[in-house]
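Hello,

Here is the structure for you to open. My notes follow below it.

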Amino acid sequence: MARLVVLSEGFTGKAHELKVEKTTIGRVDDNIFCIPEASVSSHHCEVLLRGTDVVVHDLNSTNGTFLNGRQVTGEAVIKPGQILRLGQVEMRLEVAGAEKAPAKKLPDQTMVIPQGVKLGQEPATKTVAFEKTAFTKKSNTATKIFIGAVVVLGLVVIVLVILLFKK
């Protein structure tokens with residue numbers, strides 16, 4: 001008997017026996033196999049039993065249906081041990097008496113990642129000569145003239161207001 005076993009965190013160990021010819025999978029409750037996760041479409045895909053083959057058919061899902069990392073467009077046959085991903089949820093097809101596909105190989109050793117400068121260690125310094133370029137500092141003469149004119153104009157307005165209210 002074939003079954004889908006969910007591998008993703010939060011759903012680990014959740015499984016569904018593929019007993020009927022067509023099993024619908026999606027986020028909402030009207031699916032035969034409901035996976036309440038945001039990246040799974042409401043009606044994501046269907047798994048079909050065709051003789052000895054197990055076939056997945058994508059139902060135009062938003063986040064896609066992937067089989068061993070390749071996107072399923074239309075239909076694809078799932079072999080025992082292969083990883084089926086719906087959105088962000090991964091599951092594996094298990095068939096009683098069938099050989100499992102080899103698990104992903106993890107590194108045998110810890111990888112050392114080089115670090116930057118350590119405490120007490122002088123970084124290599126390099127002097128850089130800055131050459132004069134075409135870009136020079138602008139003079140502030142225009143700004144000074146503008147500010148002076150605004151101040152004089154403001155004083156004239158204040159004097160005129162005072163003279164008008166004295167009368």
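N60 sits in the loop that runs between β6 (53-58) and β7 (65-67). Keep in mind that this is a predicted model. The phi of N60 is positive, at about 55 degrees, although N60 is not a glycine. For context, most residues other than glycine have a negative phi. Is N60 buried or exposed? N60 counts as exposed, because its relative accessibility is 74% and the cut-off for exposed is over 50%.

N68 is the next one to look at. You will find N68 in the loop between β7 and β8. N68 is not a glycine either, yet its phi is positive, at about 50 degrees. N68 has a relative accessibility of 44%, so it counts as partly exposed.

Now the sheet. It is open and has 6 strands. Their order is β2-β1-β11-β10-β7-β8, and the pairing is antiparallel. Which strands stand at the edges? They are β2 (15-17) and β8 (70-71). Each has a single partner strand, so one side of each is left without a neighbour in the sheet. As background, strands of a sheet pair through backbone hydrogen bonds.

One pairing is worth a look on screen. Strand β1, residues 2-6, pairs with β2 in the antiparallel sense, over 3 bridges. To find the pairing, start from V5: its bridge partner in β2 is A15.

Best wishes

Methods
Residues are numbered from 1 along each chain as its sequence is written. This is a predicted model: local features need pLDDT of at least 70, side-chain atom pairs count only at pLDDT 80 or more; totals for chains, interfaces and linings use all residues. Side-chain values use heavy atoms; hydrogens and water are left out. Two strands pair if DSSP finds at least two bridges between them. Helices (H or I, at least four residues) and strands (E, at least two) are DSSP runs, numbered from the N terminus. Buried means under 20% relative accessible area, exposed over 50%, partly exposed in between (1.4 Å probe, protein chains only).
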